[in-house]
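Me: I have a two-chain model open and would like to go through it with you. Could you take my questions as they come?

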Amino acid sequence: MMALRTILLAEDNPQDVELTLEALSTHNLANNVIVVKDGVDAMEYLRYEGEYKSRPKGDPAVLLLDIKMPRMDGIEVLHSIRSDEKLKTLPVVMLTSSREEPDLKKCYELGVNAYVVKPVSFNDFIDAVKQIGVFWALLNELPTKE
Amino acid sequence: MNNSKRTEHYTGNVAVMAAGILTSAFGLLAMIGWILHLPMIASFSVDYIPMAPSTALFFILIGTALALRSRLPHNRGTYFASLSIGLLVAVPGTIFFISSLGQKYMPIEKLGFSITETLNGIPIGHMSPVTAVGFAACALVFLLTLSKTIERSRRAWITLVLALILVLTWLLFLFAYLLQTPMMYSGDVIPPALPTSLAFLFLAVGLLISAVVQSGHYIKIKSASGKKEVPYVFLLIFIFLTAGILTGGYLAFQGFEKNFREEVEEQLSAVSELKVTQLSRWRKERLGDANIFYKNYSFSELVKRYSKNPLDADAKKRIQTWIKQVAESYNYNRICLHNMAGTELISFPQKHIHATDLFSDLSAKVKETGKVEFQDFYIDEDDKKVYISVFLPILDEYDNKNPIGVAILRIDPYEYLYPLIEKWPIPSKTAETLIIRRDGNQVLFLNNIRFKKNAALNLRIPLTNESLPAVKAISGKTGIVEGIDYRGVPVIAAVRAVPDSPWFIVARMDLDEIYEPLSERFWMIIIFVGTLIIGTGWGVFLVWRQENNRFYREQYKSAEALKLNKRMLNEAERLGKVGGWEFDIDTKELIWSEEVCRIHEVDVNFQPTIEKGINFYAPASRPVIERAVQRSIVQSEPFDVELEIITAKNNLRWVHAIGNVDQERRKVFGFFQDITERKQAEDKALESQDELKKALEISNQSRQTLLSVLEDHQIVEKEIQKLNKELEQRVIDRTAQLEASNKELEAFSYSVSHDLRAPLRHINGYVDMLNKKYYETFDEKARYYLDTITDSSKRMGILIDDLLQFSRTGRKELSNSEIDLNVLIREVLKELEHIIVERKIKWDIQDLPQVFGDYALLKLVWTNLIDNAIKYTRNQTSAKISIKFKIEAKNYIFCIQDNGTGFDMKYAHKLFGVFQRLHSQAEFEGTGIGLANVQRIINKHAGKVWAEAKLNKGASFYFTLPIKTE
């Protein structure tokens with residue numbers, strides 16, 4: 001059995017959080033999900049700052065990132081991660097409602113690992129989240145950190 | 001750069017390298033000779049001096065340095081290596097020279113070889129002072145040719161001349177060796193050896209080529225200023241070399257000739273001396289012979305007895321025995337005895353000969369003096385032969401006086417004397433010895449000579465013929481004379497008098513014979529000199545041709561570069577529609593560049609004049625340009641005007657003319673730009689705005705007003721410009737507003753995309769969860785409600801996506817490309833395949849043209865139209881869809897026709913509105929955005945879209961696209 005790794009979910013909308021967790025729970029992945037409500041919290045979590053100063057060491061297996069969030073949006077978070085020497089290898093998946101071309105382009109330019117548009121249909125959404133969770137939290141291998 | 005330079009000097013460098021290698025090869029050869037104790041290798045001949053070991057070492061050094069330098073790149077390393085080798089040769093060379101001047105030779109020169117021999121007293125194994133000077137000079141030239149280029153002409157010339165002198169000097173030494181009359185072999189100074197001369201010649205030639213290549217480079221720089229001096233320099237070098245070779249050849253030949261002449265003269269002198277000695281001795285011997293009878297008492301007594309008593313048989317017999325013995329043993333032709341009366345008493349051989357006057361004269365003289373006398377060559381009247389006779393008195397035995405008779409000893413010169421005279425020590429074609437004597441005012445030849453029969457005592461030449469060597473001899477000359485001999489042939493002769501006799505000896509030889517071997521040498525030298533001159537000419541020609549080629553190659557390159565520049569400038573002018581022009585104030589000549597001609601729409605060969613140029617301007621513009629040009633010429637004021645011209649093809653064009661004055665060159669020049677497009681664009685901008693139109697009117701009004709009031713156009717222009725500026729500002733403001741609202745719209749659709757979809761998804765999600773978790777607790781009705789909520793939210797999702805698509809279409813910039821519609825339609829049909837496979841449709845698709853437009857958008861158009869056709873024919877049992885096109889008024893008209901439900905033409909105007917639908921959702925699903933999108937896209941492509949239909953009779957959708965190539 002493969003070890004379950006943490007999934008960091010950055011999403012400001014509680015409904016979306018609930019639905020995402022619901023989707024992940026159908027595949028027993030919900031227990032390892034850490035939810036942050038915006039980009040600032042996400043960066044603090046990743047950098048062991050503020051509230052997350054004493055959290056257990058270790059990077060999440062994947063960061064599921066919404067674009068439209070208060071304070072610091074998803075694209076800014078992605079930019080910070082990719083320009084941070086310690087975090088730049090972290091897998092980031094955009095999970096968003098927007099299928100606007102400029103967003104897509106910007107995210108890929110910044111080096112996002114995947115870009116998923118949340119489908120309107122809940123069944124499709126479950127399917128999408130399941131695949132993301134299984135792939136990033138279970139299957140994907142990362143280089144070991146020194 | 002470096003590389004190309006090396007190839008440029010390739011021929012020269014190869015020659016220099018070859019010269020260097022040959023030089024060091026000679027040095028090496030001599031060195032090997034010394035090592036193997038075979039000095040012959042270092043001298044080439046036992047008669048000549050060998051090359052000194054020190055000389056050999058220097059040749060190896062400097063030759064190798066020269067060869068290497070020609071191959072190696074010019075850098076500091078090579079420079080310093082060459083410098084040190086040059087100094088290594090120059091300094092000891094100078095020292096050796098100074099020391100050998102005092103005839104002090106340093107043992108170090110022998111490099112440890114034990115050499116003790118001498119050649120004619122000259123020590124072997126030491127460097128000749130000439131060689132030492134040669135080394136110092138060669139090293140100097142070597143050092144002078146070190147730097148890559150010689151900047152100053154004087155240094156170049158010095159190097160060149162020095163190298164030339166070196167070549168010529170060693171050529172001379174070599175010539176001398178070649179003629180086997182080596183120079184300096186007779187003095188105290190050590191001469192340079194044959195291999196030394198050869199090696200020096202090669203070294204000097206190599207250095208000369210180096211110098212030529214360098215000066216060629218320098219001269220090339222000079223010729224870049226337009227003057228082509230290269231051939232003169234090479235011609236000069238060739239003339240120098242030729243003159244030098246000729247002089248060398250001449251001097252060497254003269255030396256040889258002198259030597260040869262001396263040899264011949266010595267030979268002639270020796271011969272003549274020998275003959276004189278022999279003749280003297282012969283005469284003395286004859287006198288000695290005479291002594292047998294002269295003062296011989298026993299003989300005198302016998303003669304006395306016999307003359308007293310001619311019948312004394314004993315006396316007669318004894319006398320006969322005497323005479324016979326003497327005649328036989330001393331080779332006398334005849335001996336006779338006369339009595340005092342002159343009667344022949346006894347003779348041997350016995351034959352009576354009449355006494356002649358000549359005889360009686362001499363007999364009388366002998367009787368009188370009592371001494372022995374010679375009768376010189378004479379012709380005997382009896383047998384007409386040449387003889388010499390010795391007359392001697394037979395004296396009385398007591399007092400040795402009172403002769404009692406005369407004995408005559410006759411000699412046949414053919415027997416001994418002539419052969420003796422004619423004998424020549426070495427074989428010769430023309431050499432001979434003559435014996436002559438003076439006879440009155442004539443020269444009498446006494447012996448038979450080679451080229452004239454019966455000359456003896458027959459040939460007489462008057463003494464007035466002074467060029468005759470014989471005459472010269474008689475007139476007292478002794479030694480070598482030159483003259484014309486008896487045959488009229490130029491000869492050289494040694495003349496000498498035979499002592500105690502009237503004879504003179506002339507040993508002569510034809511000049512022709514002397515010059516025969518000389519002419520051989522002469523031709524040899526001519527051939528050698530000729531070969532050298534041809535070789536030099538060829539060499540100089542090769543170097544010249546190479547330099548010439550380089551000159552032309554560079555000219556060609558710069559011409560090519562100029563051509564390219566001109567082409568590029570022309571192209572730039574064409575693209576920028578800017579041309580140049582130049583007007584000569586003095587000659588009134590006007591030059592237009594090609595682009596200026598093109599702007600005027602005249603041929604590029606058009607010959608403009610200032611009047612012709614001004615006549616192209618529109619009537620309103622003409623005075624402006626006239627004044628501008630006038631002021632520029634008279635007051636040197638530059639101008640910058642925008643005016644209208646009417647081209648040769650009657651097109652109105654706006655041009656921007658700029659003029660400047662070049663006072664020094666007395667020219668007005670400037671640029672000329674076609675700004676019609678810019679003006680048109682400005683006009684269009686004006687047209688697009690109502691305000692602008694008004695402003696234009698105002699400006700026109702004000703312009704007219706101002707025109708009527710003020711004559712000065714510039715004020716009008718300024719006003720218009722000011723107004724234009726205001727208007728431009730307004731356009732900018734409006735554009736900015738438009739951009740701002742566009743941005744707002746974008747932000748709006750972005751939030752619609754993001755925010756509007758989220759609640760929908762939530763609705764859907766929660767209903768689904770409800771369905772999953774509480775399905776059992778719901779009754780039928782509740783489940784129906786939940787399904788309805790799900791359907792509605794999905795529909796709203798599609799609606800939002802379509803609406804966003806529609807809004808994006810409006811905002812999107814067209815990215816135009818050439819599109820093959822056949823390919824596009826195949827793609828659309830493939831994407832719709834999942835619907836088509838469930839249907840039975842008869843397709844009729846015509847071969848479509850290539851169009852120009854945005855691929856993605858046009859694909860959306862066809863997808864919508866084909867999708868509609870498929871959708872609205874689904875109730876038909878046999879569906880038919882056809883796609884066609886035709887061309888009408890520069891437009892393609894495309895038509896997609898189906899036999900489906902169609903629609904009532906009453907509502908045709910609503911067809912392309914957003915959210916407008918002519919069928920119920922239940923009948924045919926849809927959002928009502930598809931055709932609105934089609935219209936938007938087609939309009940963006942400058943086309944029209946319309947539909948024709950009848951209810952239940954199918955529909956035809958048409959749209960147009962302009963036929964454009966770009």
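The exchange below goes through the contact between the chains, then chain B, then two helix pairs of chain A.

Me: Before we start, what kind of model is this, and how is it numbered?
Reply: This is a predicted model, in which local features need pLDDT of at least 70 and side-chain atom pairs count only at pLDDT 80 or more, while totals for chains, interfaces and linings use all residues. Residues are numbered from 1 along each chain as its sequence is written, and chains are lettered from A and ligands numbered from 1 in the order in which they are written.

Me: How many residues does each chain put into the contact?
Reply: Chain A contributes 16 residues and chain B contributes 15 residues. Two residues are in contact if their C-beta atoms, placed from the backbone, lie within 7 Å.

Me: Which helices of chain B supply at least two residues of that side?
Reply: They are helix H21 (713-774) and helix H22 (780-811) of chain B. H21(B) gives the most, with 12 residues. Helices here are DSSP runs of H or I with at least four residues, strands are runs of E with at least two, and both are numbered from the N terminus.

Me: And what is the chemistry of the side of chain B that touches chain A?
Reply: The residues there divide into 7 polar, 4 nonpolar and 4 charged. Ala, Val, Leu, Ile, Met, Phe, Trp, Tyr, Cys and Pro count as nonpolar, Asp, Glu, Lys and Arg as charged, and the others, Gly among them, as polar.

Me: Turning to chain B as a whole, how many helices and strands has it?
Reply: Chain B has 26 helices and 25 strands. Of its 966 residues, 33% count as buried. A residue is buried if 20 or more other C-beta atoms lie within 10 Å of its own, exposed if 12 or fewer, and partly exposed in between, with C-beta atoms placed from the backbone.

Me: Is Glu925(B) buried or exposed?
Reply: Glu925(B) is exposed, because 12 other C-beta atoms lie within 10 Å. Its place is in the loop between strand E23 (891-898) and helix H26 (930-940) of chain B.

Me: What about Ala25(B)?
Reply: Ala25(B) has 17 other C-beta atoms within 10 Å and is therefore partly exposed. This residue is found in helix H2 (residues 10-35) of chain B. Its C-alpha atom is separated by 7.1 Å from that of Ile60(B), 35 residues apart along the chain.

Me: In what order do the strands of the open sheet in chain B run?
Reply: The 6 strands are ordered E10-E9-E8-E13-E12-E11 (chain B), with antiparallel pairing. Two strands pair if DSSP finds at least two bridges between them. The edge strands, which each pair on one side only, are strand E10 (460-462) and strand E11 (479-484) of chain B.

Me: Which helix packs on that sheet?
Reply: Helix H15 (residues 511-576) of chain B does, touching strand E12 (490-497) and strand E13 (503-510) of chain B. The direction of H15(B) makes about 35° with that of E13(B). Axes are lines fitted to C-alpha atoms, for helices over the stretch in contact, and angles run from 0 to 180 degrees between N-to-C directions.

Me: And strand E18 of chain B, which strands join it?
Reply: Strand E14 (residues 578-584) of chain B runs antiparallel to strand E18 (residues 667-674) of chain B, with 7 bridges between them. Strand E17 (residues 652-662) of chain B also pairs with E18(B) in the antiparallel sense, over 8 bridges. Asp584(B) stands opposite Lys667(B), and Ala657(B) stands opposite Phe672(B).

Me: Now chain A. At what angle do H1(A) and H5(A) cross?
Reply: Helix H1 (residues 14-25) and helix H5 (residues 122-139) of chain A cross at roughly 65°, and their axes come within 8 Å. They are therefore roughly perpendicular to each other. Angles under 35 degrees count as roughly parallel, over 145 as roughly antiparallel, 65 to 115 as roughly perpendicular and the rest as oblique.

Me: Which residues make that contact?
Reply: H1(A) uses Leu19(A), Thr20(A), Ala23(A) and Leu24(A), while H5(A) uses Phe125(A), Ile126(A), Val129(A), Lys130(A) and Gly133(A). They divide into 6 nonpolar, 2 polar and 1 charged.

Me: How do H2(A) and H3(A) pack?
Reply: Helix H2 (residues 39-46) and helix H3 (residues 74-82) of chain A pack at about 25°, with axes 9 Å apart. These two helices are therefore roughly parallel to each other.
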